[in-house]
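Got a minute to go through how the labels on this one are earned? Let's take them one at a time, cut-offs included.

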Amino acid sequence: MSGSAGIDRHITIFSEQGRLFQVEYAFKAITAANITSVGVRGKNCAVVLSQKKVPDKLIDPSSVSYVFKLSSSVGCVMTGSIADARSAVSRARSEAADFKYKNGYEMPCDVLAKRIANINQVSTQRAYMRPLGVAATMISLDSEFGPQLYKCDPAGYYVGYKATASGPKTQEALNYLERKLKGKDCAEGSWEEVVELGISTLSTVLSVDFKKGELEIGIVGGPKTDGSEGTDVEFRALTEDEIDERLQAIADKD
């Protein structure tokens with residue numbers, strides 16, 4: 001960076017190559033957290049998965065989470081700085097609640113993704129604001145379009161996916177998912193199989209055999225919690241016992 005000293009000090013200054021270094025540092029913060037997450041869209045469901053790392057034995061594990069509910073129908077996994085993630089989630093919940101109050105129906109996932117991306121983009125053009133070092137992978141079960149999976153990054157880019165990943169092992173996870181979904185419009189099979197594909201992806205790229213307390217899984221289109229027939233259109237996180245069942249199913253296949 002010779003001859004261009006100081007241009008990375010301000011968010012609003014482009015380098016000679018047309019790059020914004022402060023925004024690139026926000027992307028590096030996502031990988032620096034050392035948490036890899038995956039999102040997969042199925043025929044009738046969508047799931048997000050994240051590693052769960054409790055950094056200290058004295059911390060209550062139930063208070064450590066990267067999976068958040070934004071509205072009754074939209075949930076997400078945040079990858080990166082957890083402090084930035086909580087701030088972003090707070091804003092997203094506020095936007096979703098505001099939309100429902102004004103329009104009388106739940107904010108669709110793609111509309112919320114666009115809104116969050118627009119807010120992120122403003123953070124790249126104001127000198128008094130910092131881009132948040134976090135990537136948001138959102139899922140919902142849309143009444144019109146079915147399962148939805150969107151990802152927003154710190155630069156303000158958002159796009160829909162069949163499957164995606166965030167974190168230090170993103171490329172390896174994407175390569176694995178590409179092989180599994182070759183030529184398919186989405187992950188086929190029941191919600192159990194979609195969850196198992198997500199777990200297998202993380203397990204393979206990280207070379208780890210997960211225990212139930214080392215994973216977090218959020219789902220839309222899964223089984224109803226009261227045990228009744230049909231699928232649950234609301235977003236919820238799977239319990240440790242439900243995660244254990246899927247881990248057991250993968251172990252039995254092997």
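Contact here means heavy atoms within 4.5 Å. This is a predicted model, where local features need pLDDT of at least 70 and side-chain atom pairs count only at pLDDT 80 or more, while totals for chains, interfaces and linings use all residues. Residues are numbered from 1 along each chain as its sequence is written, and side-chain values use heavy atoms, with hydrogens and water left out.

Q: What is C45 in contact with, leaving aside its neighbours within four places in sequence?
A: With that 4.5 Å limit on heavy atoms, the list for C45 is L141, P147, W191, V194, V220 and G221. Take P147: it sits 102 residues from C45 along the chain, yet their C-alpha atoms are separated by 5.5 Å.

Q: Why is C45 called buried?
A: Buried means under 20% relative accessible area, exposed over 50%, and partly exposed in between (1.4 Å probe, protein chains only). C45 comes in at 1%, so it's buried. Its place is in the loop between β1 and β2; strands (E, at least two residues) and helices (H or I, at least four) are DSSP runs, numbered from the N terminus.

Q: How do you know that C186 is in no bond with C45?
A: A disulfide is a pair of cysteine sulfur atoms within 2.5 Å. The sulfur of C186 is 8.6 Å from that of C45, its closest cysteine sulfur, so that's too far for a bond. C186 is also buried, at 9% relative accessible area.

Q: How many disulfides does the structure hold, then?
A: Zero. C109 is in none either, since the nearest cysteine sulfur, in C152, is 8.3 Å away. C109 is buried too, with a relative accessible area of 1%.

Q: What makes β2 largely enclosed by the rest of the structure?
A: Strand β2 covers residues 46-51, and six of its six residues are buried, so the label follows. In a regular strand the side chains alternate between the two faces of the sheet. Here A46, V48 and S50 point one way, V47, L49 and Q51 the other, and all are buried.

Q: Which strands does β2 pair with?
A: Two strands pair if DSSP finds at least two bridges between them. β1 (residues 37-41) has five bridges to β2, in the antiparallel sense, with S37 partnered by S50. The two form a hairpin with four residues between them. On to β9 (residues 215-220): six bridges join it to β2, again antiparallel, and V48 has G218 as its bridge partner.

Q: Why is the F99 and Y105 pair called edge-to-face?
A: Rings of Phe, Tyr and Trp (its six-membered ring) pair if their centres lie within 6.5 Å; planes under 30 degrees apart count as stacked, over 60 as edge-to-face and the rest as tilted. F99 and Y105 are 5.3 Å centre to centre with 90 degrees between the planes, which fits edge-to-face. F99 is buried at 16%, whereas Y105, at 46%, counts as partly exposed. The structure holds two aromatic pairs.

Q: How do you know that R246 lies over the face of W191?
A: A charge sits over a ring if NZ of Lys or CZ of Arg is within 6 Å of the ring centre and within 35 degrees of the ring normal. R246 is 5.7 Å from the ring centre of W191 and lies over its face.

Q: What makes T201 buried?
A: T201, found in helix α5 (residues 191-206), has 0% relative accessibility, so it counts as buried. Leaving aside neighbours within four places in sequence, T201 is in contact with V38, A173, Y176 and L177.
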